[in-house]
Amino acid sequence: MGKKIFVSYKFKDENVYPINHFGITTVRTYVDKLENYFDSTDNIYKGESNDEDLSNFADETIWSKLKDRIYDSSLTIVMISPNMKESNRYDKSQWIPWEVSYSLKEMNRNDRVSRSNAMLAIVIPDKNNLYDYFLKENSCFNCNCITYLTNTLFNILAKNMFNQEEKTKFNCSTSSNSIIYTGEHSYIKVVKWSDFINNPNYYIDKAIEIKNNIADYIIQKDV
């Protein structure tokens with residue numbers, strides 16, 4: 001049976017590595033490519049970001065715009081890109097935080113309750129084919145860990161990373177200020193685009209596995 005997947009993204013972001021031979025590559029280009037990595041029975045619902053300010057809308061109004069696309073899905077993929085967050089606008093005035101919020105909430109509709117979606121964040125490379133705007137690879141001899149620059153994200157995304165209640169961690173021996181987390185420390189599983197396309201089923205299955213253990217995580221559901 002096919003999966004029902006909702007994709008949240010900033011479709012106008014052009015600060016990404018070009019994968020088109022013709023025309024301009026945007027995050028939407030990557031979203032369209034996603035279909036190549038799913039089973040033909042999977043259903044993909046593509047969120048549409050735009051310039052509409054949502055800050056004055058009631059929750060019910062926003063939900064009415066999103067419910068048909070999100071309610072019936074069980075996995076939400078968030079495409080992280082360099083310009084996904086407009087720093088001059090509040091989170092509540094942008095689409096992605098609301099799409100993540102409603103993906104995580106349990107909603108009643110027609111006597112049926114939707115459960116929190118599994119969550120997977122795919123990081124898109126920037127124009128220079130780099131990921132360091134969000135993922136900083138460290139050159140520590142002992143662990144070669146990766147730092148997540150969560151301050152660049154929407155708050156609801158950042159709050160659902162490193163949110164496992166009982167995290168496995170240790171101190172990096174080469175730095176007195178560095179704590180290294182291991183295992184599935186985040187409810188939102190993060191993967192680079194280059195790694196995802198090499199083994200998409202692994203990362204999807206891992207996100208679903210984390211969802212099945214959602215009680216182990218402190219979930220932030222509000223924008």
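The following paragraphs lead through the architecture, the nonpolar packing, the aromatic pairs and the salt bridges of this structure.

The structure is a predicted model. Its chain has six helices and 11 strands. Of the 223 residues, 44% count as buried. The accessible surface of the chain amounts to about 11,800 Å², and carbon and sulfur atoms contribute 43% of that surface. Among contacts with a separation of 6 or more, 70% are made by residues 24 or more positions apart.

Strand E3 is a suitable place to begin. Six of its six residues are buried, so the strand is largely enclosed by the rest of the structure. In a regular strand, the side chains alternate between the two faces of the sheet. In E3, both faces are covered. Leu75, Ile77 and Met79 are buried on one side, while Thr76, Val78 and Ile80 are buried on the other.

E3 is paired with E1 and with E6. With E1, the strand runs parallel and is joined by four bridges; within this pairing, Ile77 of E3 is the bridge partner of Val7. With E6, the pairing is again in the parallel sense and extends over six bridges. Here Ile80 stands opposite Val123 of E6.

The end of E3 leads directly into the nonpolar interior. The largest nonpolar core has 47 residues, and the members that touch the most others are Met79, Ile80, Leu120, Ile122, Phe134 and Phe196. The element that gives the most to this core is strand E6 (residues 118-123), with six residues. The surroundings of Ile80 illustrate the packing. Once neighbours within four places in sequence are left aside, Ile80 is in contact with Ala121, Ile122, Val123 and Ile124, and also with Tyr133, Phe134, Leu153 and Met161. Apart from this core there is a second, separate one of eight residues, which includes Phe6, Trp98, Tyr102 and Met107.

Aromatic residues add a further layer to the description. Across the whole structure there are 11 aromatic pairs. In one of them, the ring centres of Tyr148 and Phe162 are 5.1 Å apart and the planes lie at 65°, so the arrangement is edge-to-face. This pair links distant parts of the chain, 14 residues apart: Tyr148 belongs to strand E8 (residues 146-148), whereas Phe162 is in the loop between helix H4 (155-159) and strand E9 (168-171). Phe162 is partly exposed, at 27% relative accessibility.

A second pair is formed by Trp193 and Phe196, with ring centres 6.5 Å apart and planes at 35°, so this pair is tilted. These two residues are three residues apart in helix H5 (residues 193-196), a separation of about one helical turn. Trp193 is buried, at a relative accessible area of 8%, and Phe196 is buried as well, at 0% relative accessibility. Both residues belong to one aromatic cluster together with Tyr30, Tyr37 and Phe38. Phe196 is also one of the residues that touch the most other members of the largest nonpolar core.

Charged side chains provide another set of connections, with 10 salt bridges in the structure. Lys10 and Glu86 form one of them, their closest N and O atoms being 2.6 Å apart. Lys10 lies in the loop between strand E1 (4-8) and helix H1 (27-34), and Glu86 in the loop between strand E3 (75-80) and helix H3 (95-104), so the salt bridge ties together parts that are 76 residues apart in sequence. Lys10 counts as buried, with 10% relative accessibility. Lys10 and Glu86 are further linked with Arg89 in a network of salt bridges.

Other salt bridges lie within a single helix. Arg28 and Asp32 meet at 3.0 Å, N to O, and they are four residues apart in helix H1, about one helical turn. Both residues are partly exposed, Arg28 with a relative accessible area of 25% and Asp32 with 36%. In helix H6 (residues 200-212), Lys206 and Glu209 are three residues apart, again about one helical turn, and their side chains form a salt bridge at 3.6 Å, N to O. Lys206 counts as buried at 14% relative accessibility, whereas Glu209 is partly exposed at 41%.

Methods
Residues are numbered from 1 along each chain as its sequence is written. This is a predicted model: local features need pLDDT of at least 70, side-chain atom pairs count only at pLDDT 80 or more; totals for chains, interfaces and linings use all residues. Side-chain values use heavy atoms; hydrogens and water are left out. A salt bridge is a side-chain nitrogen of Lys or Arg within 4 Å of a carboxyl oxygen of Asp or Glu. Buried means under 20% relative accessible area, exposed over 50%, partly exposed in between (1.4 Å probe, protein chains only). A nonpolar core is a set of buried Ala, Val, Leu, Ile, Met, Phe, Trp, Tyr and Cys residues joined through side-chain atoms within 4.5 Å. Contact means heavy atoms within 4.5 Å. Rings of Phe, Tyr and Trp (its six-membered ring) pair if their centres lie within 6.5 Å; planes under 30 degrees apart count as stacked, over 60 as edge-to-face and the rest as tilted. Accessible areas come from the Shrake-Rupley method with a 1.4 Å probe; for residues, only the protein chains shown count as cover. Two strands pair if DSSP finds at least two bridges between them.
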